[in-house]
Structure formats: structure tokens, C-alpha cells
Amino acid sequence: MERKVRVRFAPSPTGPLHIGGVRTALYNYFFAKQHGGDMILRIEDTDQTRFVTGAEDYIIEALTWLGIKFDEGVHIGGNYGPYRQSDRKPMYKQYADQLIETGWAYYAFDKPEDLENIRKEYESQKKNFQYDCTTRSAMQNSLTLSAEEVKRRLDSGEPYVVRFKFPADTEILVNDLIRGEVRMNSNLLDDKVLFKSDGMPTYHLANIIDDHTMEVSHVIRGEEWLPSAPLHVMLYKAFGWEDTMPQFAHLPLLLKPDGNGKLSKRDGDRLGFPVFPLEFHNQRDGSISSGYREEGYYPEAVINFLALLGWHATGDQEMYTMQELIEQFSLERVSKSGAKFDYEKGKWFNHQYLQLKSNEELAEQFLPILKNKLTTNTLPSLEVVAKVIGLTKDRVNFVSELWDQVNFFFVAPEEYDEKSLKKRWKEESPKHMTEILALLEAHEDWSADGLDNLIMPWIAEKEYGVGIVMNAFRICLVGAARGPHIWNITDVLGKEETLRRVRIALDKLG
């Protein structure tokens, strides 16, 4: 019987969720849903010293905003819980004890200051110290101490750690679904700490036990965990769980937009883009980190953007719904090399999704900005706002940019752009505007065709030049040489406001 696909996303609540972690969650989600499998959210909080208040809630809110739906997890429960490692604490010791009993692990009593002194001694000889199969015989552990001495130390409450005992000179094979076979000799690996005397396991032990007991079938995680994969494979062997060991897939890193190395918060601060899905208020130091949601990105744009960083589809399509990504995703088309984080492409995606929104929906989203800019008695109707947005939305990437494109529709210009005046306001412009004002005052048909059929023949008859007249007219209405088609502007402003603005411009500029 084929094994059911079960994947997990297992972040640590040590701060905001990095955008690279979001991509890992997405790839797990695509894979699980494509195979009719389960997606689990597990919180790995074994390192209590780095715990940040509010980080767990932040992680859940961020993934919910992106539309990642979990089948089991810390926030919804399930049959394989608890889903928070600190709540699973009692179960880990028995597994650590099992490894000691079977000879796959040992107690180590070395004091931190002793280990530090040994490291310094090695450094003085231009060497690196590693607690491994070649050095452990000279250390304070249950391999070198008598059984009585080990018992005495344990009974007296002396601090200890449990370390994994790598066999000497053994080739370890990791089958990676993205990278193929990865081989490592055990002599190169240090005997990692698995368990501490405070009762908490390290990540390595807890993650293996949790994946096994939760029947995880595939571990899809970042490339930074590849060096740990040989230890994890050996732990499955040590526990006798090789037959149910999950398949591994290590995803490529997200790289800096410029230069080399992994994408960091500093890159975002330096270049002006978020590296977290939501804004995060750090209660430890009071700092605030920007987020994609608060910057005005749509979740579907973030999903589409991230999905294509490190994975490529079969065709040239760029815009995908979540369902299309689920259907098309495959680990075979995930790159082995890192992906440059092109944040400008992220803006492009947001622009595309903004264009797909209805003008009415965008008007609702824009309304809070309008309320902040205008007084209540000057607020236009939603119908008018939607009409204005329809004329200008192709010029923006975010709803927050709309005000700069549409402000003249709602607030008459008080100043006139100097650059536009220098280029577009001619010596004869006051004369032209006085004449156009008289024509418009006497004209009843305020439709675009009606005004066009009035003004264009008049310009031709007078031989004024369309550009000279209409650019000056635009400056009167807008205050600058910008905006959509002039008759679209007059249509929204209406006759009375259009004439008022021309009179004011003549008074100020004439």
C-alpha cells in the first residue's frame, strides 16, 4: 500500500517568519495538495532562550493571510499532537535513553569552559576542534568514565548532554529528491548534542522523533539543513526506523538581489523592500520590521512571485492561481542553485494582480486613504472613486500609490508645477484659456464627444495648435502635465468645477 503524503512546516518562534521560510511553506503546501496529502504546522521551540513573544501567533497569521490551509497543527489540533515541541517535552527523554542503551549515544559531562579551553588550544595550533570519533576518547563522557562514575555524576545532578555517537569511517548516503545522492564520511561529522540535562532535546533529536511519530513522508526544507541530513539519516538508522524514513528535499537559498550570499533583513532595509510577510513589532527591542501585507502587496502576488524563485514551470506562463501552482508544481523542476531575489519583479506581480481587481473593489481599498486626505463633507461617492480608479490604476503597483495619481480629481490645484509651466504654458495661453472658457460656459453637451466636437474644430479654425491649447488646459485642471485623457478629467470634475479651475488658473497665471 502506497504511503500517504504527509509534510510539515516547522518554524521556530524566534522572530518574524523570513520570506525564505514562507517559500518553504508554499512548496510543502503545493506538494501536499497535489498528492492529496496532509499539511502540518509544527512549532519547534526547543531553544527557549531565543523564544520571542508573539512570534507563534505572527507565523499563523502570516500563513493564513497567504491562504496556506493546514490539515493539522498547533492552531487547529489533529490526531498526531501536540504540535508544539515544548508540549511534547516528556516524550523525548525516553528516546534519548534508548539511544544510550543501544550504544548510539553517550553522556558527556564536559564543562563549557573546558570545551572553550580546548578550542583555544586547537586554534593556537591552527586547527579546529570538533567533538567527534577522534577526540571523544579524551573527553569527560560515559565512553571514558566508569559506569559507577557516570551513575554518581547523574545521581548528583551534574549537568550533562547526550551526544550522538557516529561510527568511525562510515559512508553515509542521503538521497535528496532535488540534489540526488549526497555522500558524507562520518569522520567529518561532530557528535552532535541531542539532549540536555534540563530535559529539553535539541532540534536534531526532536525533529526526527516528531517526524517519525507524526508519520511525515517528505521533509521539504531549506538548503541550510543539508549538512545536518547525514545525522538525521543516521538517527533513523539508530532508532530502527529506516523503512519509514521520510524522503528529503533541500530547497535552494534565496539570495541577495545584488552581490553574493543569503537574503537578509539588512538587504531589505538597504534596498527598500520587506523580507517578512507581515509587519513585525519586536517586543524585545521595540523595533518594527516592514511586511508585504502592510506595504500593499496582495497575497496572490506574493505567492506567485515566491513560487517562481527557485522553481520553473514547463511553459512561459508567469501568472498562476494557487490551484494552478498546486497542479503544476514538481520537485524535479526545483533548481539546485540559489535564486536571486528580484524585488522589482515582486512589484510587477502586484501590478498585474491590481489590474485584475474590479474598480469597485479597489475603491473600497482606497477609501481609508481618501478619508485621511479629505474632509467628510468633501468625500466623493464610491461610484465616482471607482470611475477615477478605472482611469488611473494602470499607472500604479499599489493602492497606496493611487492618491498621487488621482488627487487632482478631488482637490483643485493650489500650485502649478514649474517644470510643466516652463514647457507647456505659453505667452498666448491666457488668451487661449479665456476663449475656451467662454466656449465651455455657453456649451450644454458635457459628454466627451460633445466637448471634443466643440473644441477641436475651434482650434483648427483658429490655427492655434492642439498641443499648445490642450496642454495649457490640462495645467489649469490638474496643476501639471499629467493625468488621463482630458475629457475623462472634465467628465469627473463636471462643468462647474472645470470652469472654476480655469478661472482660478487665469487669475493666478494670466
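How many bridges join strand β4 to β5, and do the two run parallel or antiparallel? In this predicted model, four bridges join β4 (residues 105-108) to β5, and the strands run antiparallel. Strands here are DSSP runs of E of at least two residues, numbered from the N terminus, and two strands pair if DSSP finds at least two bridges between them. The model is predicted, so local features need pLDDT of at least 70 and side-chain atom pairs count only at pLDDT 80 or more, while totals for chains, interfaces and linings use all residues. Residues are numbered from 1 along each chain as its sequence is written, and side-chain values use heavy atoms, with hydrogens and water left out.

Within the β4 pairing, Ala105 stands opposite Phe164 of β5. Strand β5 also pairs with β8 (residues 193-196), in the antiparallel sense, over three bridges; there, Val162 has Phe195 as its bridge partner. In a regular strand the side chains alternate between the two faces of the sheet. Both faces of β5 (residues 161-164) are covered, with Val161 and Arg163 buried on one side and Val162 and Phe164 buried on the other. Buried means under 20% relative accessible area (1.4 Å probe, protein chains only).

A nonpolar core is a set of buried Ala, Val, Leu, Ile, Met, Phe, Trp, Tyr and Cys residues joined through side-chain atoms within 4.5 Å. The largest has 152 residues, of which Phe30, Phe341, Met433 and Phe473 touch the most other members. A second, separate core of seven residues includes Tyr106, Ala108, Leu115 and Val161.

Methods:
Buried < 20%, exposed > 50% of the residue type's maximum accessible area, 1.4 Å probe, protein only.
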